[in-house]
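User: Could you take me through how pairs of helices pack against each other here, explaining each term as it comes up?

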Amino acid sequence: MSEVLQTWFDRAQAQGPSLPGARAPWLANARQRSLDRFMAEGWPTTRHKDWRHTSLAFLQQQKFDGSRGTPSGFDLEALRQGQNGHWMVFVDGRFEAGLSRIGSLPEGVRIAPLAQVLAGDAGQLEANLGQAEEGGSPAALNLALAADGAYVELAARTSLDEPLHLVHIAAGAGAASFPRSVVLLGQGASATLVEHYLGNAGSFTLTNTVLRGRLERDARLTHLKVQQEHAEAFHLASVDIQQDEGSTYESHSISFGARLARNDIATRFNGRHCHALLNGLFHADGRRHVDHHTCIDHAQPDSTSHEYYRGILSDSAQGVFTGRIQVRQGADGTDAIQRSDNLLLSRTARVTSQPELEIYADDVKCAHGATVGQIDEESLFYLRSRGLSEPHAHGVMTYAFAAQALQRIALEPMRRRVAATVRALLPGGSLLGDIA
């Protein structure tokens, strides 16, 4: 794949428009350094401590090209039904204006395709787009080849009253996309961002996506990501959030698709009294593999973080959770909770859970834990003795396990949609009715 990547990059540099902002010296330099880093390091291997439970060997054997497909089988109107907001649609990593609906925006709010911003005054992104040395080699590859994404900027004390939906559709067989989005919230600003990742059935694709956010003092970002790509897709995602004093970041990562899905989520507290909620739910069946790798950096005192991830695995699926909470020297008053709970629905499903605390301060309150188990036979017998069939009883208990993660999603239309998706995945889920 390295030769293909080099060809893409060389062609894009020569043609200019293929990679927006190619004529900005700082960006051209950042892209070249990013590509050089990836060509030197390659895809992460299991020898890397952060990837020892997730192998990309099968991904390395695939050949992807830069072709774009046509979305088929997607009913965007059905996706929008019952959900207000602003909609940006991307097909194989490129913005589709004809499918998007960005309504009127409040004063002080800017929402635009990243390609448009880079093609204009690319200099305003120099401090926020990212550097080649940041993150892992997949994030470096994204910076080298990112052609589009979303640019969101809110001025101080402004609010985006309706959610912004970013719909990413992997459409082309063998297509690889590298969307990169930037979210900048000024002092006291607030916004809700919903990412949908979908894909055409029956074709293998690669989505390598990066989201970078900067929350200034007292800003608030609620971020919900729903990943439902097809069973032959590869999904690699990186989220990097910088939080200033008093800011709040809420992340809800819902992973239901892809042959292999990896989510790296990191936030850093650069001021006092910050708060972060990292909430996740994933389901994997067949031979699928889902990995969440998180890091919350308590770099300043008097901040709180709550982290809860739940996994449901069946057949021969594998799940991985690695969560690190860092409490740096001087970060007194830290209050951090981290939990990973997993439900195995078969004897061959596997999960690896590794919560970590790294504490260099004394006056802190930190706790972490992990559980892995199966459906309780006594509870199952109790439900069946009350007249429920075995599939119905299994569905009730499995949904009850998932519901604790769903209840943390405050956006009701999305909570109900995710709940309906969960029910459709569960044995006997069709018998559960319309509950959220």
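User: At what angle do helix α2 and helix α6 pack, and how are they oriented to each other?
Analyst: In this predicted model, local features need pLDDT of at least 70, side-chain atom pairs count only at 80 or more, and totals for chains, interfaces and linings use all residues. Residues are numbered from 1 along each chain as its sequence is written, and side-chain values use heavy atoms, without hydrogens and water. Helices are DSSP runs (H or I, at least four residues), numbered from the N terminus, and axes are lines fitted to C-alpha atoms over the stretch in contact, with angles from 0 to 180 degrees between N-to-C directions. Helix α2 (residues 25–41) and helix α6 (residues 137–145) have axes 8 Å apart at an angle of about 140°, and are therefore oblique (neither under 35, over 145, nor 65 to 115 degrees).

User: Which residues of α6 make the contact with α2?
Analyst: Contact means heavy atoms within 4.5 Å. From α2 come A30, R31, S34, L35, R37, F38 and E41. Their partners in α6 are S137, A140, L141, L143, A144 and L145.

User: What is the angle between helix α7 and helix α8?
Analyst: Helix α7 covers residues 377–385 and helix α8 covers residues 390–406. Their axes lie 9 Å apart, and the packing angle is about 125°.

User: Which residues of α8 are met by α7?
Analyst: On the α7 side, the residues are S379, L380, L383 and R384. In α8 they meet E390, A393, H394, V396 and M397.

Note on methods
Helices (H or I, at least four residues) and strands (E, at least two) are DSSP runs, numbered from the N terminus.
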